[in-house]
Amino acid sequence: MKTRSILRLSSSTISCKKSDSMFVSVRQISTGGKRPKKKIYHRDYQLDKVMDLQKKPSLILQLKSIIQSQNQQCLLLRDLEKEVGFVAKWNFMSIIEKYPSIFHAGGGSGKQLPFVTLTRKAEKIASEEREARVLMESILVKNLRKLLMLSIDCRVPLEKVEFIGSELGLPKDFKKSLIWKYPEYFSIKDVNGRAYLNLENWDSSLAVTAREERFAREGVLASAGGLKKVRIMKDGNYLGPFAFKMCFAAGFRPNKSYLEELQRWQKMEFPSPYLNARRFDVADPKARKRVVAVLHELLSLTMEKRMTSAQLDAFHSEYLLPSKLVLCLIKHHGIFYITNKGARSTVFLKEAYDGTRLVDKCPMLMFNDKFVTLSGRNEISSFNSVNSSQVVT
């Protein structure tokens with residue numbers, strides 16, 4: 001079942017209990033005459049809002065790239081449709097008109113065709129992108145190596161790397177600028193007529209997850225080692241080497257039995273995501289917890305700590321992800337969040353966000369923010385917080 005079909009709210013199943021809460025009934029299953037309980041999926045309004053807030057900045061940055069790719073960095077408006085399509089063209093025309101501080105429109109009089117360029121101020125800031133790309137190179141090389149180390153054969157089809165290229169922050173020419181530049185790390189080989197990106201050597205120092213790195217920074221492991229008995233907190237968080245950070249929605253109120261079960265899960269040890277998945281029985285609870293760690297690490301490797309559901313789903317065979325991936329993500333709603341805002345269903349790593357603000361930003365995202373501020377838009381973090389609503393699925 002596709003993610004969109006699971007989470008899409010149909011008008012026939014929505015009923016309102018309060019003005020700030022929506023409830024959607026799941027398919028009723030026979031329970032011997034007893035009324036089945038409704039399962040509640042708590043919406044995170046702030047992460048839904050992230051998808052709305054990124055729409056115009058995304059158009060601004062895309063138009064910047066299109067202009068920079070043209071001869072003399074000047075785009076004839078008649079060619080805009082060729083670049084983005086007839087329907088999307090009108091969104092970009094609106095952006096050009098709305099943000100004269102970034103885009104300069106000219107021509108249209110006499111024989112001069114209408115065109116658009118970047119303003120001088122925008123060009124000055126755009127020139128800083130090269131420096132951001134230089135700073136990103138070592139980060140991208142490291143993340144690509146970790147991406148391959150997570151896979152069962154230390155290789156991933158090249159087309160799948162390209163599929164998530166923008167999420168990883170890869171440049172369009174990454175095969176030339178990264179893969180061929182570092183033959184000691186990467187190679188491209190043909191396997192049964194399909195091009196694969198291969199890892200050339202294993203580096204044990206990279207087999208450390210983002211979760212473990214965060215624990216080391218915060219001194220969690222050292223603190224946990226000095227405590228004889230640690231109890232789980234009401235927000236689901238637990239001080240221990242195998243625990244995940246929980247970020248439940250504001251409307252979620254776990255009861256005692258839920259917290260007790262969660263504590264057992266948080267305390268349970270599990271194999272590293274960097275160990276080969278073939279070594280473990282998928283029915284083993286420790287192996288299932290390891291899958292959560294794999295998903296956590298995959299999202300951690302992206303610039304904005306999120307991927308579309310389709311992108312995650314594309315890596316089933318490389319990482320031996322569960323067949324019911326969406327249900328796994330929903331079950332661990334303190335760690336992941338699925339939103340249907342935007343054109344595609346998107347999976348967030350919840351701990352990476354403080355409200356609508358991405359906590360840690362790479363050099364490329366910091367450059368993008370600086371360029372977009374020319375529009376006069378407030379940064380995402382400046383938007384007022386709104387209480388999360390809850391939805392039953």
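Buried means under 20% relative accessible area. I keep that cut-off at hand for these notes, and I remind myself that this is a predicted model.

**Helix α18.** I started with α18, residues 363-372, and asked how many of its residues are buried. The count is 7 of the 10, so I call the helix largely enclosed by the rest of the structure. The buried ones are P363, M364, L365, F367, N368, F371 and V372. Next I looked up what covers them, and the cover includes α3, β6, α6 (120-126), α7 (129-150) and β14 (357-358).

**The three-stranded sheet.** Two of those names, α3 and β6, sent me on to a sheet. It is an open one of 3 strands in the order β4-β6-β5, with antiparallel pairing. β4 (75-76) and β5 (103-106) stand at the edges with a single partner strand each, so one side of each has no neighbour in the sheet. Between β5 and β6 (residues 115-118) I find 4 bridges in the antiparallel sense. Within that pairing, A105 has V116 of β6 as its bridge partner. Helix α3 (residues 55-68) lies across β4, β5 and β6, and it runs at about 100 degrees to β6.

**Hairpin of β11 and β12.** Here I checked which residues of β11 (residues 336-339) are buried on each side. F336 and I338 are buried on one side, Y337 and T339 on the other, and both faces of the strand are covered. That fits the usual pattern: in a regular strand the side chains alternate between the two faces of the sheet. β11 and β12 (residues 346-349) run antiparallel, joined by 4 bridges. I338 stands opposite V347 in β12. The hairpin has 6 residues between the strands, and G342 takes a positive phi near 90 degrees.

**K160.** Is K160 buried or exposed? I get 12% relative accessibility; that is under the 20% cut-off, so K160 counts as buried. The residue sits in helix α8 (residues 158-163). Leaving aside neighbours within four places in sequence, K160 is in contact with R194, A314, F315, S317 and E318. I also noted Q311, which is 151 residues from K160 in sequence but 8.3 Å away in space, C-alpha to C-alpha.

**Surface patch.** Last, I looked at V87 in helix α5 (residues 86-98). V87 has a relative accessible area of 66%, so I log it as exposed. Together with F86 and W90, V87 makes a nonpolar surface patch of about 370 Å².

Conventions:
Residues are numbered from 1 along each chain as its sequence is written. This is a predicted model: local features need pLDDT of at least 70, side-chain atom pairs count only at pLDDT 80 or more; totals for chains, interfaces and linings use all residues. Side-chain values use heavy atoms; hydrogens and water are left out. Patches are made of residues with over 30% relative accessible area and no salt bridge: like charges are joined within 9 Å, nonpolar side chains (Val, Leu, Ile, Met, Phe, Trp, Tyr) within 5 Å. Accessible areas come from the Shrake-Rupley method with a 1.4 Å probe; for residues, only the protein chains shown count as cover. A salt bridge is a side-chain nitrogen of Lys or Arg within 4 Å of a carboxyl oxygen of Asp or Glu. Helices (H or I, at least four residues) and strands (E, at least two) are DSSP runs, numbered from the N terminus. Buried means under 20% relative accessible area, exposed over 50%, partly exposed in between (1.4 Å probe, protein chains only). Two strands pair if DSSP finds at least two bridges between them. Contact means heavy atoms within 4.5 Å. Axes are lines fitted to C-alpha atoms, for helices over the stretch in contact, and angles run from 0 to 180 degrees between N-to-C directions.
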